[in-house]
Structures are given as C-alpha cells and as structure tokens.
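Here is a quick walk through a structure, one topic at a time. Have the sequence and the 3D view open as you read.

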Amino acid sequence: MSPDYIVTIGLEVHVHLDTKTKLFCSCPNITGGEPNTRICPVCTGQPGALPVFNERVLFQAVLAALAINCRINHRSIFARKQYFYPDMPTNYQITQHELPIAEKGHLGGTGINRLHIEEDAGKLIHTGGSSLVDLNRASAPLIEIVTEPEITSPQEAGDFLRNLRQILRYAGVSDCDMEKGSMRCDANISLRKNQDDPLGVKSELKNLNSFRSVEMALDYEILRQSEILSSGGEVIQETRLWDEDSLRTKGMRTKEESDDYRFFSDPDLPPLLVGEDFVEEVATYLPEMPDARKNRFVTEFGLSEYDAGVLTQEKDTADYFEEALKVCGLKQSKMLASWLSVEVAGQLNALGVSMSDNPVKPAHLGSLVREISQGNVSGTMAKDIFAEMFETGFSPENIIEKKGLKQINSEDEINAFCEKVLKDNPDLVEKYLDGKHGVLGAMVGQVMKESRGQANPKKVNETLRRLIEKFQ
Amino acid sequence: MIKKILKKVNSDGAFSLVKQVSAQVLESQEKYNSYITLTLDRASKRAQEIDSLLNAGKNPGPLAGIPVALKDNLLYSGEKMTCGSKILENYFSPYTGTAVEKLEEAGAIVIGKTNMDEFAMGSSGETSYFGPTKNPLHPDRVPGGSSSGSAAAVASGDVPIALGSDTGGSVRQPASFCGVCGLRPTYGRISRYGLSALASSIDQIGVLASSVEDTALVYSLISGHDPKDSTSLNEKGYELSDSIEEGVKGLKIGIPKEYMGETLHSEIRERILEISNKLVSAGAEVKEISLPSLEQALATYYIIAPAEISSNLARYDGVRYGFRAPEAQTLEEMYIESRTQGFGPEVKRRILLGTSILSSGNYESYYLKALKVRSMIKKEFEKIFSSIDLIFSPTTPTPPFKFGEVKDPMEMSMADSYTIPSSLAGLPAMSVPVGSIEKNLPVGAQLIGGTFSEPTIFRCARFMEKIYES
C-alpha cells in the first residue's frame, strides 16, 4: 500500500472473561439487562466497600495466558489507574501496571508483550440533554493483551485478531464478540522510512468495533501519516477515533492533553500469588488448539484439508463432530462431515442458532449417518428425518419408529409391492418385454409410491427385473 | 462498666435502660456536640427485641442491651453516614459494616453516630462540618481527634464503649485527651469492610471504652478474619481470658528516649517516670530504648497517607451519591464545584498533596522512597520486639489544648507524633488513662506491642489503670 514507508503496528486487545461473577464482587457477570440491576456496594464504589478478588478470574486469565504462550508471573500486583469519568464509580480503575499476571508470549508470528487483569467500567447512556450511568458492567473482569510493536500490515493485524479470537474461544475464556464488546481492540501505528530508523511517532486508534474496522482504520491511517511525512510534515502523537460513517480517523486528544494516571499499588488488595502447581493444573485444561486439531482431523479421520478446516474453525463444531463420529464410526467420517457442514450448519445459520444451542444431539446425528450407511434409510428419507430431528430434538430411531419410516428391505414385502405394480400395469410390462427397458424407472416409481417411499429402491429395482423375467 | 450495665439490663430491662440513656444522650449532645446522628428510636426498638429475648429465657449475647456509639465513618444500614463532611451530609448507608454487624450480633444497641474531624483528618475534632465536639472533662478544650465524638461519648458516660478508627492515632489521641481507654489493634485484626477509607494501608477500626476490661471484651467480639476484607488477617479473633489481671511481673518494657525529649510536657514526663518505677516495683524490667526513626515516621506518614487519601476520596464526585453542586452546567463543573464546595480546607489540602505526590515526577522521589522508609520502620520495630515485650510512652506530648489554640497544621500534626510510628508499622497500641496533671487535665499512657500482642498490652494496661483508679 505504501512502499515508501515501513509500517509498525501494535495492538491492545481487551477481552471480557467468561465467569459467573464480577472481578471484585459477587454480582453476576452478564452484559446487558435492565440498567443498574447487577450492582452492589462494591461495584458502585460505596464508601467502606472493599474489592475481593474472584479466584475464577485467575483461572481464566492464566488459561488465556498459556493459550498464547505467555510466561506466568508468580507474583503480580493490582494497581489503581486514576482518572475521573462518570462510568467509573471510584474514579480509579483497578488494573495491573508494573507487574502483570503474564508476560512474553507469542501467537502466530507475533510477540505478546504482556497480559494483565483489570476491571471494566460501567456504561454511559446519553439521552436528550442528559447522561445516565449504568453500572451493570462495572467491575466485570477483563484481560488486556498487548502485542509487541511488530505487526507490519493491516491485514496481518486482522489475521492476528482472528487467530486470537479463535484461540481464546477454544480455551473457553471468552466468546470474543467484537460487536457485543466482549473483545475490544485499540491499535497503535507508526511509519518510518528505513528499517534502521527508530520507530516513528505513533497514533493510537480507538473505536474499532470489528476486525474489518481495525483493518480499514489502519489502512486509512497509513495513507494519512504517509501524506504528512511525504510532504515534510511531522506526525503528532495522539489518540484518534475511527469514524465508521466517514471512514476516517479523527483526532481526539494529543499526548500533552492525556491524563497522568498516578498509578500506585492498590492498598486494598494483597499481591496476587500464583504457584507453579496451579499453573500446571490450569495447563491441563488447555484444549487441543485449532491447528493441531485440524491436522489430526486430516490424518486420523481421513478428511480433506478443507473439511478439517471448516470443522475445526469453532471448538463446539469440532467437539460435536468427534462426538457424533463415535456413533457412526470412523469409516463414515466424510459423510458425517458433509451432513454437519451442510445440513446442520445450514439449518443453524438459517435460524441464527449457535452450535452450542443445536437441538440435534451429536449422538443422534451420528446414528442417522449410521442408518444411512447401513442402507436402512435412503438419502431422501434421511433429509425428512433430519428435519424432524431438528424440530423435535428426538433421536432418528424414535422418528423412524413412530412414523414407520424405516426402509423396507424384506424380500417378501418388496415382492408383494412389486407383484401388485406389475399386475396393475400390464402395458408397462409389455413395453419392457418389447425391449423398452426405460419403463423400469416408472415401475420403480410406482412401487415407491405404493410403499410410501420406504422400500429400498435398489432392491425394488432388482426384484422388478427378476419378476418380469418370469413373465417371459 | 459493661458488667454493671448487663446487671441493670437483667433487672430493669434494655428498654428502660435505653430510655434513660436517651435522656442523657440528648443532654450531652446539647453540651458537647458528640453526635452527628442519633438513632434513639431504632435503639428503643432494638431494646424491646432484646427484652423479649431475655423474657423468653434466651441469651441475646455478651453485650445484650449495652448502648454503643459509632464514629460517623462506619456504615450502619439505613442511617446517615457523613464522615463529618458536607459532601456526605445526606448519604445513607446502604449496608452495615462487619465490625458493627458483630457488635449488633452480640446484642449491643447503637444509639448514635459520633462527630469526627472531616474524613478523619484532624487531631482536635475542629475540622468537622457539623461543628466541634467539646471535651466533656474540660468543655473549653478539644476532645482530640479524629474520633472526637466517640471519645466524648464514652467520657461523658453516655455509652461504655464506642467504635472509632485510627490511622495516625485517631483513637488513641482522643482517648488520651478524654481520659478513656483507646485501642488500635494489629493491622488486619478488625475487618475494614464498612469503614470509609482514609488511608487503606494504615486504617484500623479501634475501640474506645471506659475500662481495659471492656476494651478487651469488645475487641474479642469484633476481631477475626473477614472474607470481605482482603487485608484482614487469616487468624482467629482474640479470645477473652482472665490474663488481663496477671500483672506485669517478668514483662520487659522499653521507654524510647526520643519520646521523652524537650517537646514533652514536663508533668507528663514525670507521670511516665512515676509509672515506670511502679512497673519495676511490680517485677517488670524497664529500660530506655531508642526508636531513631520517629522523625522519618512523621514525614513518611504525611506522604503515604495523603497519597492514599487522594485516591480513596476520588469517589466523592457528586455523580452517584453525596453533595452535587446544583449550579454546575457541565461534567467538569459538576466535579470541580461539588468537590470545592463539599470538602473542607484540611481535606482539600491533603487531596492536593496526595495528588501531587503520586504525579509522575514525584512518585519515585516521594512515594516510593516513603514506602522504603516505611519498611525500614517496620524492621526497626521488629528488631526492638525481638528483645522486649512492650514499648511504653506518653500517648501525646501535651495535655488537651484549648479550642483555636493550635492553628498551624504542622503543629497540629505533632499531636499524633507519638502514635504515628506504630500505625505505619501496623502494630497494636493502646492508650490507657493514668490520672491527671495540672488543672486536672487527663494524661494517657501508650503501650505498643508486636504483632498480635494485644493480650500483653491489656495486661500491662490493666496494671496501670489500677494505679490511677479513683
């Protein structure tokens, strides 16, 4: 995009941790809801209320840190970051400053500088002429992940974020939904002429609400900064807001205008001590990561790279697949893959339901595929059965039984259907005997109609031939 | 005193006692302005509940029917809590703090919230937005501070016990000025949950009482681990025993020469030496020791405390609760005007000082350095307590002074110079009344011990109390 300059990008990603309760009190950690219904003396900053660290946050933060290969600090410190803002009840944010919970990791080719725990702020609701404060989100647990400044293009930044999202979702620490705000990203970007030059003056981009806006804002910023530099100007260090409507970044405040946060250790919270045995225990909860799982799906299950990629994109889908595969057997892996990525995914997408809310149990999809593979159910029947499974959550056996949909394979029954059709259609028999073998299809169709689609078409075909031969 | 009142409750009932106490409280409020809020109606209802328990043959607890007063920086659900400040003039506590909850569970009856220096910043009670409290022993003199109303309420006989809070000496110094007992326990022994924070790393709830025995009883009831306070020590609370009557035989006691210097009132020095002789006669070993960090301790305190104050008081901004300047048009005006009008001069002075101390450029040269000195002071005390049991000194260098007599904030801070060092070290200390000097002014003796040494402190305090019991 800008061959004249070397681009340097660093990201600061906030991730809302999935826990039952908030970071420092026992209020439910759920976003949204009627304003100010999930609050207590602690998260509203009442006098005399004290923060108590939620141990579950430690588990989730360490899990996240291990997932991106960070080193865990056995002693970390909570600090107060002080500035006045109405969404922050105490006018300081409890965060980690000098000693974070984890440091020095990497994801893909990108270095991670640090990962620390901090509390979220509340939300301001601006109504005509006045502003209201909702503290439901206040003190919700966040981790902030800071990359090294070594990302070299907007595309690479987007890839890093998509990768991070997938990994953290796999680890189960967060749903990482940028639109819902459970993953938020600020980007620092600077330009310089030569590899040997020191890093240029950076701008910090905020209000990036999707991966796409991260990439677009960085693209825009490269243009803006390179124009300034090419015309001999100087970039000033500032925070800039991405404006989704005008597709531009706009200056918000310069470095001189920024707050002095007056960090100091929070005297209400003792140092956070993490033993090696705890770290080792948490590590056992790290699931197989997407790349490794994809490779295993190829080698162990004989799936194509593409199918394996689709199935391992989300942990829930991959788990579902393996669960179902246990029922239908390894040999049916391809058929199962196709059912899962076409039929199931199609239905879920159409209804906007996530895999975790899939009404069809993995074992049920597995047995449906097994029934198909054993020839008990035809492809067309299977689709009807699946529709019913999706609607009711019943097992395929149950539906087959109840609707009497089971494929008819018994020789006697098929014979009976075929004999009736031959008897009712002497003209077709005659045509067939005259050598017009094409009419067999019409006769099969009649049998299928008589058997309400249940007769095994392959067997009907054979039986009809055999019976007609006898007429000769 | 508590034993006597318990008997009265048993014979006449808590309701009749509260009625009597209410009359006295209203009278002393008129005379000394000890309270900011009275909770007498609620107290009557509580008394009736306690009486019906007693009548049903049930035990309402070791403090059944005992009237208590709470410093107005302690949260007591449904009642006003002002911290002696305009900014919280109309703030109602949404919950009850742990120590107060424990007192109520023991059967105590809260009769009011006591006056105090604004946000516990002051040593005379004079910085209260609700006017100064008078010393019941000498109404022309200050009761000390910042727990001025709690000390006065005990001194005037309204209540046998009151809770206060001690950061630099705010329980011990007013106890000394009002001639009552004042205990500041080991940091972390009494939960701070429900105590409005001043300097969180130094604040402790303390007990003011009319006797050592009562102090020990209340301490046993409210100490112990609280999961709601992460700095509370993970130890069982103090258990009451008869050890307070064991005497001082065999105790090793040190008197720091730095506490006996030029600035000490001569009659107070004599009183300390007099007690020292009695300790020796009773079999204690008394020697002169040195606490060289006394001077650095004051400087360190006046860096660490304001730094934490500036942060802890940031929440009083007019957004969610408390005073909001009505004329403010913008967010910034609301912040500035609410805080400018809501806080008094001493509070503003310390907030500005603390804000400056934590600013980049000052943080390392002041704050970090002060933290280092603080740990040095802790080590100095540790070393001392490896060879002696208790430090014995006056609680204050002077007897209670007259209203308006001490105007310079630096001079005022000298009133806490003997109490601050042990506060910084997180050690337990107690002021016990040891008679009076010229003009019948009360004197307090301070006992400082190592971590968890409250039982030894009580023992020695009881010995001294007995000498001057009239």
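## A histidine in a loop

Where in chain B does His225(B) lie? His225(B) sits in the loop between helix H7 (212–222) and strand S7 (252–256) of chain B. Keep in mind that this is a predicted model.

With a relative accessible area of 35%, His225(B) is partly exposed. If you want a reference point for it, try Gly112(B): the two are 113 residues apart in sequence and 26 Å apart in space, going from C-alpha to C-alpha.

## Backbone oddities

Two spots to look at share one loop of chain B. Ser146(B) lies in the loop between strand S3 (109–114) and helix H5 (148–155) of chain B, and the peptide bond leading into Ser146(B) from Gly145(B) is cis, with omega near 10°. Phe119(B) is also found in the loop between S3 and H5 of chain B. Phi of Phe119(B) is near 50°, which is a positive value in a residue other than glycine. Is Phe119(B) buried or exposed? At 3% relative accessibility, Phe119(B) counts as buried, because the cut-off for that is under 20%.

Over in chain A, Arg262(A) isn't a glycine, yet it has a positive phi of about 45°. Look for Arg262(A) in the loop between strand S14 (248–254) and strand S15 (264–265) of chain A. Arg262(A) counts as buried too, at 13% relative accessibility.

## Salt bridges

How many salt bridges does the structure hold over all chains? The count is 51. As background, side chains of opposite charge can pair when their charged atoms come close.

Start with a pair in chain A. Lys420(A) and Asp424(A) meet through their side chains in a salt bridge, at 3.4 Å from N to O. Both lie in helix H12 (residues 411–424) of chain A, and they are four residues apart, about one turn of the helix. Lys420(A) is partly exposed at 40% relative accessibility, and Asp424(A) is partly exposed as well, with a relative accessible area of 45%.

Chain B has a pair with that kind of spacing in helix H11 (residues 345–358): Arg350(B) and Glu346(B) are four residues apart, so about one helical turn separates them. Their salt bridge has its closest N and O atoms 2.9 Å apart. Here both Arg350(B) and Glu346(B) are buried. Lys439(B) and Glu438(B) form another salt bridge, with the closest N and O atoms 4.0 Å apart. Lys439(B) counts as exposed at 59% relative accessibility, while Glu438(B) comes out partly exposed at 28%.

Some charged residues go beyond pairs. Back in chain A, a network of salt bridges links Glu288(A), Arg293(A), Arg296(A), Glu300(A), Lys315(A), Asp319(A) and Glu322(A).

## A negative patch

Which residues gather in a patch of negative charge on the surface? They are Glu276(A), Asp277(A), Glu280(A) and Glu281(A). Asp277(A) belongs to helix H4 (residues 276–283) of chain A. Asp277(A) is exposed, because its relative accessible area of 59% is over the 50% cut-off.

## Domains of chain A

To finish, step back to the whole of chain A. The chain is divided into domain 1 (6–282), domain 2 (290–403) and domain 3 (411–469). How far apart do the C-alpha centres of domain 2 and domain 3 of chain A lie? The distance between those centres is 34 Å.

Definitions and conventions:
Residues numbered from 1 in each chain as written. Chains lettered and ligands numbered in written order. Predicted model: local features only at pLDDT ≥ 70, side-chain atom pairs only at ≥ 80, totals over all residues. Heavy atoms only, no water. Patch = residues over 30% accessible without salt bridge, like charges linked within 9 Å, V, L, I, M, F, W, Y side chains within 5 Å. Areas by Shrake-Rupley, 256 points an atom, 1.4 Å probe, with all protein chains shown as cover. Lys, Arg positive; Asp, Glu negative; His and termini not counted. Charge placed at Lys NZ, Arg CZ, Asp CG, Glu CD. Buried < 20%, exposed > 50% of the residue type's maximum accessible area, 1.4 Å probe, protein only. Domains from an automatic or database assignment.
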